[in-house]
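This report covers salt bridges, one sheet and the nonpolar cores of the structure shown here. Please keep the sequence at hand while reading.

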Amino acid sequence: TSHVYRASVPVCSGGLRAIVVCPTTFVIYCGGGDGTVRKLRGDDMRWTLEGEATLDGAVTSMSMVSNGTEILVGTDSGRMYRMLVDDLSSQLVSVGHTAEVTCVCFGTRSDVFASASSEGAIKVWDLNNYSVLAETRVAAPGGARCMCWIGDTALVSGWEDYFVRCHDASTMQALWEIPNAHRGAVTAVATHSDASLSYVLSGGEDGSVRIWALRSRELMLQFVEHKKSVSKVLVDVKSPNLVHSAGLDCSAFTYDLRKERRCVAHMVREGAFTGLTQRLDSEQELVTCDMNGRLLFWDCDMADPVQVLQSPQRMTMRCVSVSPTGRYLAICGDFLVNVFDLRGGTQLMAQGLGHSEPVRDLYWSPDEKQLISVGDDCCICVWNFYGAV
């Protein structure tokens, strides 16, 4: 048989991205680049529009469920909907990032965490049902690089466009911003707030570590010790007047905010430091991970590391995090998440493989029952941890 072209029927703008045909009623459902889903019935040149719905983002995929009562619709905004075929009413099923997820963090609550991506999206998640409580998108080139909480009410983030921004965690309203906080991307942030001392700590690609007054956002102190980008900053677990930084120049420093000077320095000849955390037990040693696949434990009174762990594969370690009780140590590099037990030595106790691209960041929940990892595959992995992943 020969097929002769008759005509075309316009159904949407932005291109026809997906199409589904009901096998029993022969009704056609069309998904367009303009975010619309249209229900059409007819044949040849006679088509009738029976329904229309608009979704968030351009439609990228559609699939009818086996009983023919619903359609699953995906959009390029990372959303998945359930849509009834009768009236095209929709229900949001899931939300996800559509670009590399660069950072993740918890506040004081164990059931709420936040994530940010390279496209400028910030999302606050509910771990009870994995829904998004609040979200926003900042039109900043390169997106967010780092993020932390102020209690459980606000999020402070560092950006590729040299800004430090703060958003309300419940409404995602922009509260304040620090333009040109560094002469380069803001690569690390941390905060501390109590009755006697409140500040925002930031590190940048310019190698500087800066301390900003939390309430006025005025620059209080600046330390320019690193020769390359700062990879991580943190507030000391015992003394908030001490802050720590690690950089890609193979060095880690401790600064005393009261004396306004550097008080401790640790350096190695090779292996750029990519992550930094601090033990809660023992002597509160700093722990760094590097691009040569090493974990280095540093005592403030010793020039050389007091303990060294080398990955057999010499894989690049991107970040490291001590659990809230101080017993466990989690690291990520390549596609793996590894958990070590620090009690009675440092023993590998669990490995998690869930990412298809390198892991960018990880964070423990405050109750230590879950571990969240994010990566270049746009995925967020939630690991339930009850002594094992």
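Asp 376 counts as partly exposed because its relative accessibility is 22%, where partly exposed lies between buried (under 20% relative accessible area) and exposed (over 50%), computed with a 1.4 Å probe on protein chains only. Its partner is Arg 360: the two side chains meet in a salt bridge, 2.7 Å from N to O. A salt bridge here is a side-chain nitrogen of Lys or Arg within 4 Å of a carboxyl oxygen of Asp or Glu. The pair links distant parts of the chain, 16 residues apart, with Arg 360 in strand 33 (residues 359-364) and Asp 376 in the loop between strand 34 (370-375) and strand 35 (380-384). Strands are DSSP runs of E with at least two residues, numbered from the N terminus. Arg 360 is also partly exposed, because its relative accessibility is 27%.

The model is predicted, so local features need pLDDT of at least 70 and side-chain atom pairs count only at pLDDT 80 or more, while totals for chains, interfaces and linings use all residues. Residues are numbered from 1 along each chain as its sequence is written, and side-chain values use heavy atoms, with hydrogens and water left out.

Three salt bridges are listed below with the distance between N and O atoms.

| Basic residue | Acidic residue | N to O distance |
|---|---|---|
| Arg 360 | Asp 376 | 2.7 Å |
| Arg 327 | Asp 341 | 3.1 Å |
| Arg 165 | Asp 161 | 2.9 Å |

Arg 327 lies in the loop between strand 29 (319-322) and strand 30 (328-333) and Asp 341 in strand 31 (residues 336-341), so their salt bridge ties together parts that are 14 residues apart in sequence. Arg 327 is partly exposed at 27% relative accessibility, whereas Asp 341 is buried at 13%. In the remaining pair of the table, both Asp 161 and Arg 165 are buried. Elsewhere, salt bridges link Asp 56, Arg 79, Lys 123 and Glu 135 in a network. The whole structure holds 19 salt bridges.

Next comes the sheet. Strands 9, 10, 11 and 12 form an open sheet in that order, with antiparallel pairing; two strands pair if DSSP finds at least two bridges between them. Strand 9 (101-106) and strand 12 (131-137) are the edges, each pairing on one side only. Neighbouring strands are turned by 20 degrees against each other on average, direction ignored, with axes fitted to C-alpha atoms and angles between N-to-C directions running from 0 to 180 degrees.

A hairpin of five residues connects strand 9 to strand 10, and five bridges pair these two strands. Cys 103 has Ala 116 of strand 10 as its bridge partner. Strand 10 (residues 112-117) is in turn joined to strand 11 (residues 121-126) by five bridges, and Val 112 is partnered with Asp 126. In strand 9, six of six residues are buried.

Which residues touch the most other members of the largest nonpolar core? Of its 18 residues, they are Ala 114, Ile 122, Val 124, Met 147, Trp 149, Leu 155 and Trp 159. Such a core is a set of buried Ala, Val, Leu, Ile, Met, Phe, Trp, Tyr and Cys residues joined through side-chain atoms within 4.5 Å. Strands 9, 10, 11, 13 (144-150) and 14 (154-159) each supply at least two of its residues. A second, separate core has 17 residues, including Ala 18, Ala 53, Val 73 and Leu 88.

How values were computed
Helix = DSSP H or I, 4+ residues; strand = E, 2+ residues; numbered from the N terminus.
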